[in-house]
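Student: I have a model open and I'd like to learn how to read it. Can we go through some features together?

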Amino acid sequence: MFGRKSGSGKEEASVEELDSSLDYDAADAMLCRDEITDSRNRLCGYRFTFQPAKAGGHAPEEAFFEVLEATEVPAFAARRMALIPVSGEAIAEGRHVPLIAPYTVFLADSLQATMPAEALAGHLSALRKSGPKVALKVSGKQLAPQALLSQADFYFVDLHEGSVDDFQVLLGKLKTANANAKFAVDCVETWDEQRMCLSLGAEFCLGGFMSKPDDIDPEGRLDQGRLTSIQLLNLLRSDAEVSELSEVAKRDPGLTFQLLKWANAPGIGSTTAVTSLNQAIIVLGRNHLYRWLTVSMFRLGTEKERDESLLEIALTRARFLETAGPKTMPKAQRDELFLVGMLSLFEQLLKMPMAKILDVMHLAADIREVLLNSEGPYGPYLKMVLLLERNQVEKGLALADQLGIEADSLAEAGSGAFAWAQEALRASQ
């Protein structure tokens with residue numbers, strides 16, 4: 001979602017300050033992100049789109065580009081892939097240039113293009129020569145001309161445009177047209193679909209599968225590292241003594257090492273080296289320790305790449321929930337909303353039913369209610385963030401309005417949460 005502040009905290013241009021000739025209002029559209037995962041289940045980047053706030057609404061490309069700059073997407077694309085839809089006209093006029101970065105990939109649509117294919121192919125060729133990669137959205141119903149197909153570094157295809165057989169036929173045609181291009185598949189909604197796409201040669205997948213359960217085991221068990229973390233989380237919520245917390249942490253050498261590492265991190269502010277568990281717990285503080293123990297749950301499994309991707313989604317979701325509520329919301333409730341965001345992906349992380357996970361965690365009734373049934377006082381907030389994550393902007397904004405959250409503050413919280421999560425991941429590695 002678009003916002004007015006960058007991750008560095010400096011003021012950025014608001015949507016209202018964009019070129020007045022656009023006749024554009026802040027509530028008209030929102031900047032949305034879709035995770036891009038690779039064949040190793042790493043979250044390698046995002047597709048950025050500008051979604052109208054109402055069905056049939058208009059989201060101007062000029063405003064889209066301005067918002068991408070204001071939210072420092074080019075800086076993000078200096079580190080990871082940023083897939084940005086672009087028109088042939090924007091390329092011809094050079095409006096895309098401020099968005100160019102080492103990992104920017106511009107996405108052209110072969111079906112929606114308003115200029116002749118030969119002309120668009122020429123612009124894409126010039127674009128590639130200037131450095132950026134080019135992705136081409138293609139359809140099996142009307143395959144793009146060879147002139148366009150030959151300019152693609154990536155083919156962008158919709159898994160559900162036709163049958164599975166149609167999908168396979170399309171991939172075969174595209175491989176024949178340009179053997180060097182990689183495949184990115186959109187609308188991948190389940191892990192089974194993702195595995196099928198990878199088996200057919202796809203390199204990248206986009207869709208809701210990453211935050212959905214896969215192979216839930218009703219009899220699943222927690223490994224020792226995660227069990228120790230949950231025991232500490234339970235002790236923290238019951239205000240246990242520091243000595244008791246320290247004794248439990250000592251059972252896991254890896255967790256002991258991590259606690260000391262966190263306590264000695266530059267951002268903590270300790271002026272002397274922390275060398276004992278008791279010191280580490282005191283320096284970190286209970287609330288900070290609880291958050292980082294929750295983070296550690298994502299890094300104790302064997303599926304490192306997948307779990308790190310889930311952690312990034314969880315951190316963004318949690319920070320958004322924490323900061324999106326009305327300004328009058330008490331800090332205690334914001335802290336619980338952060339926790340809801342992190343725990344909402346535990347079923348996918350641990351591959352266990354949520355009810356079984358919560359059986360071993362001491363949580364407030366309001367938190368249990370939203371995680372089990374999407375109900376209770378926090379239920380609407382989680383529903384809102386899930387709608388926005390799925391690019392259902394109109395429904396998400398309608399629910400936000402019921403909660404007393406303005407579109408502007410929601411947008412700012414969204415972009416701020418994304419920037420915060422990126423920084424938190426870099427700082428915690």
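What follows is a short talk about helices, packing and a few single residues.

Tutor: Before we start, keep in mind that this is a predicted model.

Student: Got it. How many residues does helix α14 have, and what should they span?

Tutor: Count 1.5 Å a residue, using one less than the number of residues. Helix α14 covers residues 331-343, which is 13 residues, so the expected span is 18 Å. The end C-alpha atoms of α14 are 18 Å apart, in agreement with that.

Student: And is α14 mostly covered or exposed?

Tutor: Mostly covered, as 10 of the 13 residues in α14 are buried. Among the buried ones are Arg 334, Asp 335 and Glu 336, along with Leu 337, Phe 338 and Leu 339.

Student: Next, packing. What describes two packed helices?

Tutor: You give the angle between their axes and the distance between the axes. Take α13 (residues 304-324) and α20 (residues 407-428): they pack at about 140°, and their axes are 8 Å apart. That angle makes α13 oblique to α20, because roughly antiparallel is kept for angles over 145 degrees.

Student: Which hand does the crossing of α13 and α20 have?

Tutor: The crossing of α13 and α20 is right-handed.

Student: Which residues meet there, in α13 and α20?

Tutor: On the α13 side they include Leu 311, Leu 315, Arg 319 and Phe 320, and on the α20 side they include Ala 413, Ala 417, Trp 420 and Leu 425. By class, the contact of α13 with α20 has 11 nonpolar, 4 polar and 3 charged residues.

Student: At what angle do α10 and α11 pack?

Tutor: Helix α10 (residues 253-263) and helix α11 (residues 277-284) pack at about 50°, with 9 Å between their axes. These two are therefore oblique to each other. Their crossing, α10 with α11, is left-handed. Thr 256, Leu 259, Leu 260, Trp 262 and Ala 263 of α10 make the contact with Leu 277, Ala 280, Val 283 and Leu 284 of α11. The contact of α10 with α11 divides into 8 nonpolar residues, 1 polar and no charged.

Student: Now the backbone. What sign does phi have in most residues other than glycine?

Tutor: It's negative in most of them. Asn 41 isn't a glycine, yet has a positive phi of about 65°. You'll find Asn 41 in the loop between β1 (29-38) and β2 (43-52). Cys 187 has a positive phi of about 65° too, and isn't a glycine either. Cys 187 sits in the loop between β7 (182-186) and α7 (191-199).

Student: Are those two buried or partly exposed?

Tutor: Buried means under 20% relative accessible area. Asn 41, at 16%, therefore counts as buried, whereas Cys 187, at 25%, is partly exposed.

Student: Where is Tyr 290, and what is it in contact with?

Tutor: Tyr 290 is in helix α12 (residues 286-296), and at 10% relative accessibility counts as buried. Setting aside neighbours within four places in sequence, Tyr 290 is in contact with Leu 233, Leu 236, Arg 237, Leu 339 and Leu 363. Tyr 290 and Leu 339 are 49 residues apart along the chain, with their C-alpha atoms separated by 9.2 Å.

Student: What about Ser 130 and Gly 404: how are their C-alpha atoms separated?

Tutor: By 47 Å, and the two are 274 residues apart along the chain. Ser 130 lies in the loop between α4 (117-129) and β5 (133-137). With a relative accessible area of 48%, Ser 130 is partly exposed.

Definitions and conventions:
Residues numbered from 1 in each chain as written. Predicted model: local features only at pLDDT ≥ 70, side-chain atom pairs only at ≥ 80, totals over all residues. Heavy atoms only, no water. Helix = DSSP H or I, 4+ residues; strand = E, 2+ residues; numbered from the N terminus. Buried < 20%, exposed > 50% of the residue type's maximum accessible area, 1.4 Å probe, protein only. Axes fitted to C-alpha atoms, helices over the stretch in contact; angles between N-to-C directions. Parallel < 35°, antiparallel > 145°, perpendicular 65-115°, else oblique. Left-handed = near helix turned anticlockwise from the far one by under 90°. Contact = heavy atoms within 4.5 Å. Nonpolar A, V, L, I, M, F, W, Y, C, P; charged D, E, K, R; others polar.
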